[in-house]
Amino acid sequence: MTEKRFLDGKILVKVGDITEEKIDAIVNAANSALLGGGGVDGAIHRRGGAKITEECREIRRTAFPHGLPTGKAVITSGGNLPARFVIHTVGPVYGTNGGKDAALLADCYKNSLELAAENNLRTIAFPSISTGVYDYPKGEAAKVSSNAIRDFLSKTDVINEIRLIFFSEPDARLFLEHHNLS
Ligand code: AR6
């Protein structure tokens, strides 16, 4: 699949491994413990190294002793990754939030983008949050994420580029069939 751009070129849709993105920030689909796990979270902590995990531990200790709530986002350095920073957010476990899955997934995108903008970061890459272990249907997630991103870009111009990184070609195609970017 060739890469696709939307919204005046500000959004790039591509297939790849997010840990290889050379960019201001990549977003991690974490869990509330913030100490690593499987999927993209495991890959980011593995490649990023102990510095990221240490910073996460400190965030837990000082700000979120009971864990990062679903939908919220925090930032650490990028450790050994090509990305300068990692923004960690916790997606909803699909079907366990009393009908609030979509609102919580939208919060992940909105809060991650706001945190990037607050830190004067211009470029950010997202994985498809919650669509792995957390079981969010990929077509529905495409609608929610694209709406949240479009809303954010309509309000601020701090962010120059948002890359949406899909781990497989079928996942990227599914996004392209369901998004609301154009
Ligand atoms: N680059 C880009 N996308 C990836 C990569 C990668 N390196 N690896 C996986 N994906 P998941 P979740 C895709 O399960 O559903 C973890 O154990 C993957 O194909 O990583 O939010 C955490 O610790 C899928 O489309 O995250 C949490 O406990 C998407 O990333 C829990 O899983 C998200 O899949 C979070 O579950």
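Reader: Which element supplies the largest share of the shell around the ligand?
Author: That is α1, with three residues. The model is predicted, with pLDDT of at least 70 needed for local features and 80 or more for side-chain atom pairs, while totals for chains, interfaces and linings use all residues. Residues are numbered from 1 along each chain as its sequence is written, and side-chain values use heavy atoms, without hydrogens and water.

Reader: What makes α1 a helix?
Author: Helices are DSSP runs of H or I with at least four residues, and strands are runs of E with at least two, numbered from the N terminus. α1 spans 39-48 and β3 spans 25-30, and each gives at least two residues to the shell.

Reader: How do you know that Asn 31 has a polar contact with the ligand?
Author: A polar contact is a pair of N or O atoms within 3.5 Å. A polar side-chain atom of Asn 31 lies 2.9 Å from an oxygen atom of the ligand, so the pair meets the cut-off.

Reader: Why is the pair of Phe 166 and Phe 175 called tilted?
Author: Rings of Phe, Tyr and Trp (its six-membered ring) pair if their centres lie within 6.5 Å; planes under 30 degrees apart are stacked, over 60 edge-to-face, and the rest tilted. Here the centres are 5.1 Å apart and the planes stand at 40 degrees, so the pair is tilted.

Reader: Why is Phe 166 called buried or exposed?
Author: Buried means under 20% relative accessible area, exposed over 50%, and partly exposed in between (1.4 Å probe, protein chains only). Phe 166 has 7%, so Phe 166 counts as buried. Phe 175, at 3%, is buried as well.

Conventions: A polar contact is a pair of N or O atoms within 3.5 Å; within protein, one must be able to donate a hydrogen and the other to accept it, and residues adjacent in sequence count only if both atoms are side-chain atoms.
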